[in-house]
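Hello,

Here is the structure we talked about handing over. Please have a look at it first; my notes on the salt bridges and one pocket follow below.

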Amino acid sequence: LMAINISRQRALNIKSKRLMSIDPVLHLPNLLALDADLNKNTVSVLCQLYIPDLELLGRHYGLLMQVQYKQQLAQFLKPVLESDELIYISSGHDLIVRMSPLNAEKRISELHNKAKTFRYTRDGVKLYPQIGCSYCIINYPVGHLYLLIGELRALAEISLTTNLPVDMRKQSSRQ
């Protein structure tokens with residue numbers, strides 16, 4: 001009886017950990033899953049796709065529109081990614097992509113260009129808000145992942161004006 005109870009408890013723990021790593025509304029991996037994936041991959045590239053107009057569109061079309069937009073954009077970008085790379089949901093109006101560092105700049109440029117071609121159709125109207133992109137190469141362990149994501153968001157706002165992906169290393173060397 002004890003063995004059955006322990007086995008059932010382990011299965012429930014595994015299931016609850018898996019459910020904690022997925023956003024319940026968007027059904028995309030969240031920052032907890034990102035932290036676990038960064039732990040498995042010692043060197044990674046984090047790329048943030050920032051969509052500030054989603055807030056305004058969400059006020060006009062509702063929360064469901066924001067959810068569908070992010071889900072469809074993530075699905076649209078999957079062909080650009082390799083099999084071990086994932087798109088994660090952040091708390092704001094952005095998506096975070098963990099990529100391998102091999103040919104990172106070229107692949108991020110390709111990802112950003114593909115994201116800019118995405119068109120979301122709502123009530124017969126095609127919507128294409130601006131998408132900013134920033135990235136950095138990181139080595140695990142990352143002490144302050146949330147602060148790093150905040151810095152990437154600030155750089156992605158700069159990307160909105162330049163229309164090019166912004167590298168955190170190059171940007172910080174200018175300051």
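The structure holds six salt bridges. Keep in mind that this is a predicted model. I take three of the pairs in turn, then a network, then the pocket.

**Arg-107 and Glu-85**

These two side chains meet in a salt bridge, with N to O at 2.6 Å. The pair links distant parts of the chain, 22 residues apart. Arg-107 sits in helix α5 (residues 104-116). Glu-85 sits in the loop between α4 and β2 (86-89). Are the two partners buried or exposed? Arg-107 has 10% relative accessibility, so it counts as buried. Glu-85 is buried too, because its relative accessible area is 4%, and the cut-off for buried is under 20%.

The pair does not stand alone. Glu-82 joins Glu-85 and Arg-107 in a network of salt bridges.

**Asp-37 and Lys-40**

This salt bridge lies within one helix. Both residues belong to helix α2 (residues 31-40). They are three residues apart, about one turn of the helix. The closest N and O atoms are 3.7 Å apart. The salt bridge still counts, because the cut-off is within 4 Å. The two ends differ in exposure: Lys-40 is exposed, at 65% relative accessibility, whereas Asp-37 is buried, at 13%.

**Asp-167 and Arg-169**

Here the side chains meet at 3.0 Å, N to O, in another salt bridge. Asp-167 is buried, with 4% relative accessibility. Arg-169 is partly exposed, with a relative accessible area of 44%. That value falls in between the cut-offs, under 20% for buried and over 50% for exposed, so Arg-169 is given neither label.

**The second largest pocket**

Its volume is about 170 Å³. Which element gives the largest share of the lining? Helix α4 (residues 63-77) does, with four residues. Leu-63, Gln-66, Val-67 and Lys-70 are among the lining residues. So are Asp-23, Val-25 and Leu-26. The rest of the lining is Ile-89, Ser-90, Ser-91, Gly-92 and His-93. By character, the lining divides into five nonpolar residues, five polar and two charged. Asp-23 and Lys-70 are the charged ones.

When you open the model, I would start with the network of Glu-82, Glu-85 and Arg-107. Then turn to the pocket and the part of its lining that comes from helix α4.

Best wishes

Technical notes:
Residues numbered from 1 in each chain as written. Predicted model: local features only at pLDDT ≥ 70, side-chain atom pairs only at ≥ 80, totals over all residues. Heavy atoms only, no water. 1 Å grid on protein atoms, 1.4 Å probe; cavity = no way out; pocket = protein on both sides within 12 Å on 5 of 7 lines; lining within 4 Å. Points joined across faces, edges and corners; volume = space filled by probe spheres on them. Helix = DSSP H or I, 4+ residues; strand = E, 2+ residues; numbered from the N terminus. Buried < 20%, exposed > 50% of the residue type's maximum accessible area, 1.4 Å probe, protein only.
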